[in-house]
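User: I'm new to this one and would like to know where the labels come from. Can you take me through them?

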Amino acid sequence: MKTTLIIDDRVMRKLKQEAAARRQTVSALVEAALRQYLAVKAAPRELPALPSADLGAPLVDVADRDALYQALEGR
């Protein structure tokens, strides 16, 4: 598909230099860059690891409802 883009002069100069260095057309270089950008955007991102902390031994067994209520009520 043929289209028109408005590209900053400085960016276009660098784009032409890069295309010449790779022996590619500007169109081919732009298309490859857009494909790569869109592939990265579409790829699922890995979530960062959650922080962890050593809080020591539990003070109450959460499976023991009565002990849990007592701990929550401060008895």
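User: What makes up the area that the chain exposes?

Analyst: The chain exposes about 7,700 Å², and carbon and sulfur atoms supply 57% of it. Areas like this come from the Shrake-Rupley method with a 1.4 Å probe; for residues, only the protein chains shown count as cover. Keep in mind that this is a predicted model, where local features need pLDDT of at least 70 and side-chain atom pairs count only at pLDDT 80 or more, while totals for chains, interfaces and linings use all residues. Residues are numbered from 1 along each chain as its sequence is written, and side-chain values use heavy atoms, with hydrogens and water left out.

User: How many helices and strands does the chain have?

Analyst: The chain has 3 helices and 0 strands, and its pattern along the sequence reads α-α-α. Both kinds of element are DSSP runs numbered from the N terminus (helices are H or I with at least four residues, strands are E with at least two).

User: What makes the chain more spread out than a compact globule?

Analyst: The radius of gyration, taken over C-alpha atoms, is compared with a globule rule of 2.2 Å times the number of residues to the power 0.38. For 75 residues the rule gives 11 Å, and the chain comes out at 29 Å, well over that, so it is more spread out than a compact globule. Along its principal axes, the C-alpha trace spans about 75 × 25 × 20 Å.

User: How much of the chain is buried?

Analyst: Buried residues make up 5% of the 75 residues. The label goes by relative accessible area (under 20% is buried, over 50% exposed, in between partly exposed, with a 1.4 Å probe and protein chains only).

User: Why is Leu5 called exposed?

Analyst: Leu5 has 54% relative accessibility, so it counts as exposed. Leu5 is found in the segment before helix H1 (9–22).

User: What makes Leu5, Ile7 and Val11 a patch?

Analyst: A patch takes residues with over 30% relative accessible area and no salt bridge (like charges are joined within 9 Å; nonpolar side chains, meaning Val, Leu, Ile, Met, Phe, Trp and Tyr, within 5 Å). Leu5, Ile7 and Val11 form a nonpolar one on the surface, with about 250 Å² of accessible area together.

User: Why is the contact between Arg10 and Asp8 called a salt bridge?

Analyst: The label needs a side-chain nitrogen of Lys or Arg within 4 Å of a carboxyl oxygen of Asp or Glu. The side chains of Arg10 and Asp8 meet at 3.2 Å, N to O, so they earn it. Arg10 is exposed at 55% relative accessibility, whereas Asp8 is partly exposed at 38%.

User: How many salt bridges does the structure hold?

Analyst: The structure holds 3. Another one joins Arg22 and Glu18, with the closest N and O atoms 2.6 Å apart; these residues are 4 apart in helix H1, which means about one helical turn. Arg35 and Glu31 also pair up, with their closest N and O atoms 2.7 Å apart, and being 4 residues apart in helix H2 separates them by about one helical turn as well.

User: What stands out about the phi of Arg23?

Analyst: Most residues other than glycine have a negative phi. Arg23 is not a glycine, yet has a positive phi of about 55°. Arg23 sits in the loop between H1 and helix H2 (26–42), and with a relative accessible area of 80% it is exposed.
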